[in-house]
Amino acid sequence: MHLHETVFLQKPRIDSRSEDGLRPEQFIGNIEFEGVDFIYESRPELKVLDQVSLKTEVGKTIALVGPSGSGKSTICHLLLRLYDCTAGRVTVDGHDIRDVNVKWLRQQIGVVSQEPVLFDGSISDNIRLGREGATQADIEEAAKMANAHNFIRRFREKYNTLVGQHGTQMSGGQKQRIAIARALISNPRILLLDEATSALDSESEAVVRDALEKACKGRTTIVVAHRLSTVRKADVIHCLSQGRLIESGSHDELMAREGLYYNLVTNQTEVDLHPC
Ligand SMILES: Nc1ncnc2c1ncn2[C@@H]1O[C@H](COP(=O)(O)OP(=O)(O)OP(=O)(O)O)[C@@H](O)[C@H]1O
C-alpha cells in the first residue's frame, strides 16, 4: 500500500460536533504519548513526529523545546485532536483520545497562544468565550487568577470596556492576561501554553509569568518554549529534533549531558534552526 493511502485510512475526519465518545468522570489530566508517528497528508514524504513517547501528570509542567519545525506544535495539535496520529496512541487518564468525545476533550484543555487574539466586543465577552454561560462573577474570578482584575478595574467602563479592532488599545501584557483569563474560566485540567516570542517589557512580563505560574498549579501543563531562559522551571524538558525526541530531563540534567539542549542554551546561533 502506498504511504498516502495508509495515511488516508488512518486519518478519519474528526467531527468536533460529534456527541459520540467517552466523557470520563473525575478527569485528572494525565497525558501519555505512546510511540506516536505523524505525517501530514499533504506532505506524505515527511515524518513530522517519529516514535514520540512521553508522559506527564497532574501538577507537573513539561516543556517542549527544539529547533523550528521540530514538531513541538504538532504534539499540541494531536493532543487537541486537530489531527489523529498515524501510528501509536495518545491517551488522557489512560483513555485513547480517539475514544473520547472531542468537544469534551477540548473543554479540558486551556490554550494560551503566542499572540492572543481579542475579538471586537467587551472584556467580559472576550473572557466569556472560554465558557458559554459564564456569569460576571465567574469572569471576575478568572480575571483575578490571571492578574487582570486590577487593570480592568481601572478602565472607566471596567469589564464593559471594548477591545479588539474598534476598542481600547491594550498592551501586549494586558492582552495576554485577558487570554489567560479566557483559558482559565472553564477550569481546564490541562493547560497548553504556546510561549510568547514577542518581547514584553520586564514589568508586564513579570505579571504575565506570575499569572501563568499560578495557572499551572494543580493542572497538567505543557509549555511550547521559544525562549530557553523560561523553561528552567519545568519538571521535565523534552528536546525534539526533526520529529524525534532526542533527550528529556531537568534543566540541570540536560546541561550536564551537553547534548542538544546544552547546544540550544549555550549557543543558539550555531544550531540549525531551520532543518526542514
Ligand atoms: N498543516 C501542515 N501541513 C504540512 N506540513 C506541516 C503543517 N504544519 C506543520 N507542518 C510541518 O511539520 C513540521 C513540524 O512543524 P511544527 O509546527 O510542529 O514545528 P515546531 O517545532 O512547533 O516549529 P516552530 O518552533 O517554528 O513553531 C514542519 O516541518 C512543518 O513545516
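## A contact hub at Ala181

Leaving out neighbours within four places in sequence, Ala181 is in contact (C-beta atoms, placed from the backbone, within 7 Å) with Ile127, Ala142, Ala143, Ala146 and Ala148. The model is a predicted one, in which local features need pLDDT of at least 70 and side-chain atom pairs count only at pLDDT 80 or more, while totals for chains, interfaces and linings use all residues. Residues are numbered from 1 along each chain as its sequence is written.

## The nonpolar core and the domains

Ala181 also belongs, with Ala63, Val65 and Ile180, to the residues that touch the most other members of the largest nonpolar core, which has 61 residues; such a core is a set of buried Ala, Val, Leu, Ile, Met, Phe, Trp, Tyr and Cys residues joined through C-beta atoms within 7 Å. Helix H7 (residues 172-184) supplies the largest share of this core, 6 residues, and at least three residues come from each of domain 1 (1-108 + 219-271) and domain 2 (111-187). The centres of domain 1 and domain 2, taken over C-alpha atoms, are 28 Å apart, the bounds being those of an automatic or database domain assignment.

## Helix H5

In helix H5 (residues 136-145; helices are DSSP runs of H or I, at least four residues, numbered from the N terminus), Ile139, Ala142 and Ala143 are buried, that is, 20 or more other C-beta atoms lie within 10 Å of their own. These residues lie on the same side of H5 because they cover an arc of only 100 degrees around the axis, the arc being that of the directions from the helix axis to the C-beta atoms. Their cover includes helix H4 (123-128), helix H6 (149-153) and H7.

Conventions: Buried ≥ 20, exposed ≤ 12 C-beta atoms within 10 Å, placed from the backbone. Helix = DSSP H or I, 4+ residues; strand = E, 2+ residues; numbered from the N terminus. Contact = placed C-beta atoms within 7 Å.
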